[in-house]
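Me: I am new to this structure and would like to understand the reasoning behind the words used to describe it. Could we go through some of them with care?

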Amino acid sequence: MLSVRRLIFASYIIVALATVYAVLVSRIGFDASMLARWTEEGGPFENATVAALLVFGISCWVAAWRSSQQKLGRVLLTLLGFLLVVAAMEEMSWGQRVVGFETPETLEALNYQGEFNIHNLVDSQIFAALVHTPVYLLIYGPMFIALFPAIINRPVVRLVRNVPIPDGHNVLMFIFGTGLHAWAMPITLADSIACVAALVLFGIVMWRRPGFSRGGEQLHWLLVVIATLVFAFSYSVFRYENMQYEIRELVVVIGVAYWLAGWGGERDVALE
């Protein structure tokens with residue numbers, strides 16, 4: 001029987017393959033609008049994100065109900081489930097596109113997309129920073145800990161030393177997500193540098209710490225490098241708003257689900 005983590009990883013593979021396919025088809029010109037259609041509001045990738053958030057949130061509630069943990073653990077799982085369901089409803093504008101109700105004038109005036117949700121009240125760059133900065137911690141943190149194990153004993157880091165560290169495959173999932181941005185634009189230069197640096201650092205970690213690549217991480221890393229090159233050389237099909245970022249959000253949700261699903265199991269030897 002497949003484990004939950006393997007099922008989540010399989011969903012990541014499907015999303016990654018669909019993403020590369022859509023980018024290549026749009027770039028080559030077989031269907032120049034495919035990426036735009038698949039990533040539009042209410043499109044396949046956004047709907048997949050909504051479904052993933054709902055499944056993830058409900059799973060947290062089920063886990064809290066069945067959990068034998070202390071009360072605090074169950075409360076945290078319940079709270080996480082609530083936040084995920086709210087995020088799903090926000091992503092689908094609380095059913096506005098399904099039901100078709102109008103946005104109240106007061107909210108429409110403040111919401112830059114004119115939709116019935118809260119997250120669009122925040123400037124898109126600020127909101128993106130709030131979402132993606134923690135993801136970079138999940139990318140670079142495990143790699144620096146693998147290279148410099150003594151970091152875990154530093155005063156600040158010591159506070160989270162009991163939190164399970166994302167394994168190599170999990171880190172690569174997040175790195176794949178960082179490649180989904182509008183390449184060749186000055187405003188996304190920091191994203192481009194962070195993505196390339198993460199890929200290079202991952203290669204260094206595999207070289208310096210052979211245990212980091214015992215579970216097929218080398219092949220996964222190579223495939224992510226190839227996918228990133230495809231995205232970079234296909235920059236002409238991307239735009240800054242509401243395209244590849246819809247996919248990136250989905251990859252982040254899947255990556256976090258994969259990470260949290262491993263909290264109750266064994267730590268990956270790749271990071272030891």
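Reply: Gladly, and please keep in mind that this is a predicted model. We can start with R5, which counts as partly exposed because its relative accessibility of 22% falls between the limits of 20% and 50%.

Me: What makes the contact of R5 with D167 a salt bridge?

Reply: The closest N and O atoms of R5 and D167 are 2.7 Å apart, and since a salt bridge needs a side-chain nitrogen of Lys or Arg within 4 Å of a carboxyl oxygen of Asp or Glu, the pair qualifies. R5 belongs to helix 1, while D167 sits in the loop between helix 8 and helix 9, so that the pair links parts of the chain 162 residues apart.

Me: Is D167 buried or exposed, and how do you know?

Reply: D167 counts as buried, because its relative accessibility is 4% and the word applies under 20%.

Me: Why is the pair of R248 and D191 called a salt bridge?

Reply: For R248 and D191 the closest N and O atoms are 3.6 Å apart, which is within the 4 Å that the term allows, and therefore the name holds. R248 is in helix 12 and D191 in helix 10, so this salt bridge ties together parts that are 57 residues apart in sequence. R248 has a relative accessible area of 2%, and is therefore buried.

Me: How many salt bridges does a search of the whole structure find?

Reply: The search finds 3, and one of them joins the side chains of R37 and D31, with 3.0 Å from N to O. R37, at a relative accessible area of 35%, is partly exposed, and D31, at 22%, is partly exposed as well.

Me: What is said of the span of helix 1?

Reply: Helix 1, covering residues 4-28, reaches 36 Å from its first C-alpha to its last, which is close to the 36 Å expected for its 25 residues at 1.5 Å a residue. After helix 1 comes G29, whose phi is positive, near 105 degrees.

Me: Why is T49 called buried or exposed?

Reply: T49, which lies in helix 3, has a relative accessibility of 1% and therefore counts as buried, the limit being under 20%. T49 touches E91, E246, L250 and V253, leaving aside residues up to four places away in sequence.

Me: And what makes A184 buried or exposed?

Reply: A184, found in the loop between helix 9 and helix 10, counts as exposed because its relative accessibility is 62%, and exposed means over 50%. The phi of A184 is near 70 degrees, a positive value in a residue other than glycine.

Conventions. Residues are numbered from 1 along each chain as its sequence is written. This is a predicted model: local features need pLDDT of at least 70, side-chain atom pairs count only at pLDDT 80 or more; totals for chains, interfaces and linings use all residues. Side-chain values use heavy atoms; hydrogens and water are left out. Helices (H or I, at least four residues) and strands (E, at least two) are DSSP runs, numbered from the N terminus. The expected span of a helix is 1.5 Å times one less than its number of residues. Buried means under 20% relative accessible area, exposed over 50%, partly exposed in between (1.4 Å probe, protein chains only). Contact means heavy atoms within 4.5 Å.
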